[in-house]
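I'm opening my notebook on a new structure today. I'll jot down what I look up, one topic at a time.

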Amino acid sequence: MNKLLKNYNDFDNLQKEVTTKRDHNRRLITICNGTGCNALKGKTVTKLLVDELKKQGVKDVSVLATGCHGFCEQGPIVVIRPENIFYKGIRPENVERIVSETIKKGKIIEELLYIDPKSGKHLVYEKDIPFYNNQKRILFGYNEFIDPTSIEDYISIGGYKALVHILREKISPLEIINIITESGLRGRGGAGFPTGKKWESAYKARSKDKIKYVICNADEGDPGAYANRSLLEGNPHSVLEGMIIGAYAVGAQQGYIYVRAEYPLAVEYFDKAIQHAREIGILGKTILNSGFSFDIKIAKGGGAFVCGESTALMASIEGKPGEPRVKHIHGTTSGLWDKPTVLNNVETWANVPLIINKSSDWYKKIGTEGSKGTKIFSLVGKINNTGLVEVPMGITLRDVVFNIGGGIKNGKKFKAIQIGGPSGGCIPEKYLNLPIDYDSLTDAGAMMGSGGMIVMDEGTCMVDVAKYFVNFLKNESCGKCTPCREGLVQMHGILTEITEGRGKDEDIELLEELAEIVKDTSLCQLGATAPNPILTTLRYFKDEYEAHIKDKKCPAHVCKSLITYNIDTKKCVGCQLCAKKCPVEAISGKAKQTHKINQKACIKCGICYENCKFKAVEVH
Amino acid sequence: MSDEKKSLASNSKHGSVLVIGGGIAGIQSALDLADSGFKVYLVESKPSIGGVMPQLDKTFPTNDCAMCILAPKLVSTGRHPNIELITYSDLKNIEGQLGNFLVTINKRARSVDESLCNGCGLCVENCLVRFKPQKPIKHDAKKDLSEKDLEIVDKIIQTCGKEPDSLIPVMQVINENYKYLPKSILAYIAQELEIPLSQVYHVATFYTSFSLKPRGKHTLRVCMGTACHVRGSPRVLDEIKRHLKIESGQTTNDGLFTLETVNCLGACALGPVVVVDDEYYPISSSKVEDFLKKIIKEDEQIA
């Protein structure tokens with residue numbers, strides 16, 4: 001239970017106290033407890049570390065379970081401070097040595113270090129690793145220094161300073177809105193609407209009973225994007241502080257955060273953050289005796305992708321099915337329960353305290369002409385360094401993929417990068433030097449979206465990818481308007497025909513025509529952007545469509561109906577592994593004799609291909 | 001076509017067509033057939049033709065108004081000399097073969113002479129029974145719940161509140177508790193929160209995390225996110241389906257597994273990922289069999 005703060009002085013005292021108590025130069029073992037690392041037994045390792053320290057009698061070293069560090073590929077990640085020694089992929093059996101060698105004797109364990117794939121060198125410190133040193137982690141960098149469940153940790157890194165500053169100096173809402181407008185912050189949810197402008201129209205909007213709302217959109221539905229989740233799991237208070245400042249600026253009394261139910265840890269941590277903030281009086285009735293009151297409720301999503309759309313999200317909070325409405329009137333005038341409402345993305349809110357603390361001039365210097373600040377991307381797919389990366393706007397795709405991401409897995413060739421989730425598009429190799437900002441991505445046919453970057457190599461079939469996204473959106477269409485509901489089914493049907501080898505020459509033209517209609521006539525952005533994956537793949541990878549239709553071949557060997565598995569008689573040694581593993585017993589051949597696949601029985605599951613140790617199974 | 005026509009022509013009974021169903025498809029077929037010179041019988045079970053289309057606003061892909069397309073067709077169907085409307089009727093039986101069918105139709109009593117009726121609507125206006133208030137059937141949904149359920153549900157409603165925005169949270173907690181949404185409880189929530197049951201069902205069927213069917217002991221959720229997709233999650237799903245002999249959304253006969261897919265779990269670095277009862281497991285298609293066997297074995301050990 002945290003102590004209630006009654007005024008600004010109380011806050012100053014607390015800040016002084018926790019800053020000395022939580023000196024960042026103290027000896028500390030930080031371990032990532034984000035969802036990614038937890039799936040790799042991060043929690044077990046944390047517990048073992050605590051026990052091991054006790055067992056070996058080390059007293060002056062504490063263990064800090066932090067939020068996501070971003071380098072999910074190498075999890076669970078352990079960083080030993082103050083030296084910042086970086087250990088990756090820690091298993092329970094490594095714990096004993098970390099304590100006995102590194103902590104007690106200061107010796108570095110080489111096997112646990114990260115190896116730079118380019119130079120082959122063992123890198124000791126976090127700052128040397130290319131994945132980290134090419135980023136600009138102004139938002140995400142704090143994650144690895146704090147315990148997300150402790151409000152004191154957040155205050156010790158300067159948390160709630162911006163809010164207290166505003167309340168103490170009685171800075172007027174319009175001034176705050178001006179700062180945000182000047183900083184050039186644009187919505188991080190994907191569309192990139194200027195945040196200051198949004199706040200201003202909500203501030204000016206009249207509401208009869210003076211009720212206004214602010215909402216944090218944490219319904220990160222884009223498959224392959226998890227930046228918002230890691231921010232909520234790693235530093236929930238920064239989002240909370242941003243929301244309180246936003247509420248003060250527009251004059252709202254009640255806030256909501258709409259989180260996906262698939263993110264249980266984010267819900268838990270944010271709930272804790274709210275409780276702690278209430279306990280110390282940063283949230284609730286008259287915050288620190290300033291006369292300004294504000295509170296927040298958590299609404300959990302129900303697994304509907306469309307609820308990431310602002311009007312659908314509001315309908316869902318109201319307890320209705322998440323169906324969007326026509327936006328003649330903006331949410332800022334008539335949103336939740338028909339009251340003026342400001343809805344921003346998690347990342348947008350987290351940027352707010354930073355801008356107030358460091359001034360809009362500082363923020364303006366990062367990024368490009370039209371897009372300021374940094375953006376967190378989830379770099380996933382066929383890439384070496386899967387993880388979350390925070391980069392300044394304007395960085396090129398090549399830098400992200402090859403410098404930070406470390407290139408393509410297994411030395412394969414880069415084919416495309418898919419940006420912006422199902423509404424985004426696939427960008428081919430020739431655009432790799434494109435600087436990332438809102439406008440350049442839109443020009444290339446993709447969009448910023450919630451920051452998912454899925455890297456695809458030569459083993460990814462672009463027609464299959466287009467089919468995947470259309471199928472996804474077909475299932476997620478709420479069914480309210482006809483173009484989206486019916487159009488997507490038709491497009492999926494055509495794409496299925498193509499991938500199963502029944503494509504006709506005129507299909508490409510038909511797809512283009514349908515895509516344009518759906519784009520122009522859908523009610524909300526889900527439908528209006530749904531054809532983007534088809535349009536961009538058609539624009540950049542038409543040859544793959546033609547190969548499927550004319551030659552009945554899948555160049556990437558993905559589409560089941562168009563491939564066959566064969567055993568290379570020269571390479572096969574007759575080890576019988578594939579025959580044993582084959583689920584339908586389609587492989588025949590005695591031990592030490594070459595095997596053969598019975599094409600009639602083969603279900604093309606690819607298990608033989610995966611298991612063969614001699615690469616004797618071929619795909620055609 | 002001409003050959004077929006000749007062969008039909010040799011048979012004495014031909015030239016008339018029965019169209020079943022007076023929706024837009026039936027109406028258009030009847031009109032086309034009638035215009036080509038066939039005598040058409042259009043059977044419809046409702047008192048009037050038209051089907052669902054009049055209830056729609058716009059039609060795909062031209063976004064034309066539905067009624068504007070339908071209305072002229074309704075009029076021409078009614079006036080066409082070659083079309084005989086048989087409304088308020090049910091098809092009982094079809095016998096015979098190509099060119100020689102015998103159809104039994106049951107025409108329900110309309111108590112109005114259709115040949116004389118001119119559709120003036122006076123009878124509707126003057127009917128005395130029409131304005132008699134109909135009493136809704138009162139049913140207390142509380143009675144359908146066992147005492148234990150009632151206690152649980154009441155407690156949930158108490159913590160979540162009875163505001164309009166409490167409906168989804170209440171349903172989420174119940175869905176977690178029971179692993180699905182029992183019908184009797186839904187009726188009770190509707191009654192307690194004073195929300196129409198239809199709206200409760202609208203919500204229950206809209207969100208994918210709600211299930212109206214009981215789930216199995218273990219819920220397998222296969223991540224179908226893009227990162228998992230390019231790393232081979234469809235093959236993992238196919239393997240699981242083949243082993244458990246169920247489709248996604250179904251439960252195995254022994255009630256052990258329910259298979260579901262999820263859009264993205266945000267564990268993209270581990271893909272393809274399967275979540276079993278909130279535990280994350282990285283997996284590949286060749287490991288599916290061992291993986292399922294392991295779960296079953298662990299279950300047996302606990303038992």
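**Entry 1: one strand, two faces**

Which residues of β10(A) point one way, and which the other way? I found Thr341(A), Leu343(A) and Asn345(A) on one side of the strand, with Val342(A) and Asn344(A) pointing the other way. I then checked burial, and all of them are buried. That is 5 of the 5 residues of β10(A), so the strand is largely enclosed by the rest of the structure. A note to myself before I go on: this is a predicted model.

**Entry 2: the sheet that β10 belongs to**

Next I wanted to know what β10(A) sits beside. It belongs to an open sheet of 4 strands in chain A, and the order I read off is β9-β8-β7-β10. The pairing is parallel. At the edges I have β9 (295-300) and β10 (341-345) of chain A, each of which pairs on one side only. I also looked up the twist: ignoring direction, neighbouring strands here are turned by 20° against each other on average.

Something packs on this sheet too. Helix α12 of chain A, residues 264-280, touches β7, β8 and β9 of chain A. Its direction makes about 165° with that of β9(A).

Then I went through the pairs. β7(A) and β10(A) are joined in the parallel sense over 5 bridges. Asn217(A) has Asn345(A) as its bridge partner in β10(A), and Asn345(A) is one of the buried residues from my first entry. β7 (residues 213-218) and β8 (residues 254-259) of chain A also run parallel, with 6 bridges between them. In that pair, I matched Tyr213(A) with Gln254(A) in β8(A). A reminder from class: strands of a sheet pair through backbone hydrogen bonds, either parallel or antiparallel.

**Entry 3: a tyrosine in β8**

I picked Tyr256(A), which lies in strand β8 of chain A. Is Tyr256(A) buried or exposed? I get 22 other C-beta atoms within 10 Å, and the cut-off for buried is 20 or more, so Tyr256(A) counts as buried.

What does Tyr256(A) touch, leaving out residues up to four places away in sequence? My list is Tyr213(A), Ile215(A), Ile296(A), Lys297(A), Ala299(A) and Ile317(A). I also looked up Leu283(A), which is 27 residues apart from Tyr256(A) along the chain. Their C-alpha atoms are separated by 13 Å.

**Entry 4: a second sheet in chain A**

I moved on to another open sheet, this one with 5 strands in the order β12-β11-β15-β13-β14 (chain A). Its pairing is mixed. The edge strands are β12 (387-392) and β14 (425-428) of chain A. On average, neighbouring strands in this sheet are turned by 30° against each other, direction ignored. For a close-up I chose β13 (residues 414-419) of chain A, which runs antiparallel to β15(A) and is joined to it by 5 bridges. There, Ile417(A) stands opposite Val455(A) of β15(A).

**Entry 5: chain A as a whole**

Time to zoom out. I count 24 helices and 19 strands in chain A. Its C-alpha atoms fill a box of roughly 85 × 65 × 40 Å along the principal axes. For 620 residues, a compact globule would have a radius of gyration near 25 Å; chain A has 27 Å, which agrees. Of those 620 residues, 55% count as buried. I also looked at contacts between residues at least 6 apart in sequence, and 71% of them join residues at least 24 apart.

**Entry 6: where A meets B**

How many residues of chain A are in contact with chain B? I get 50 from chain A, against 41 residues of chain B. Among the elements giving two or more residues to chain A's side are α2 (35-39), α13 (310-317) and β15 (452-457). The element that gives the most is α18(A), with 4 residues. By class, this side has 19 nonpolar, 21 polar and 10 charged residues.

**Entry 7: a helix pair in chain B**

Last stop: helix α5 (residues 147-160) and helix α6 (residues 167-178) of chain B. They pack at an angle of about 140°, with their axes 9 Å apart. The crossing is right-handed. From α5(B), the contact includes Ile152(B) and Ile156(B), and from α6(B) it includes Val170(B) and Asn177(B). By class, I noted 9 nonpolar, 1 polar and no charged residues in this contact.

Notes: Residues are numbered from 1 along each chain as its sequence is written. Chains are lettered from A and ligands numbered from 1 in the order in which they are written. This is a predicted model: local features need pLDDT of at least 70, side-chain atom pairs count only at pLDDT 80 or more; totals for chains, interfaces and linings use all residues. Two strands pair if DSSP finds at least two bridges between them. Axes are lines fitted to C-alpha atoms, for helices over the stretch in contact, and angles run from 0 to 180 degrees between N-to-C directions. Two residues are in contact if their C-beta atoms, placed from the backbone, lie within 7 Å. A crossing is left-handed if the near helix is turned anticlockwise from the far one by less than a right angle, and right-handed if clockwise. Ala, Val, Leu, Ile, Met, Phe, Trp, Tyr, Cys and Pro count as nonpolar, Asp, Glu, Lys and Arg as charged, and the others, Gly among them, as polar. The radius of gyration is taken over C-alpha atoms; the globule rule is 2.2 Å times the number of residues to the power 0.38. A residue is buried if 20 or more other C-beta atoms lie within 10 Å of its own, exposed if 12 or fewer, and partly exposed in between; C-beta atoms are placed from the backbone.
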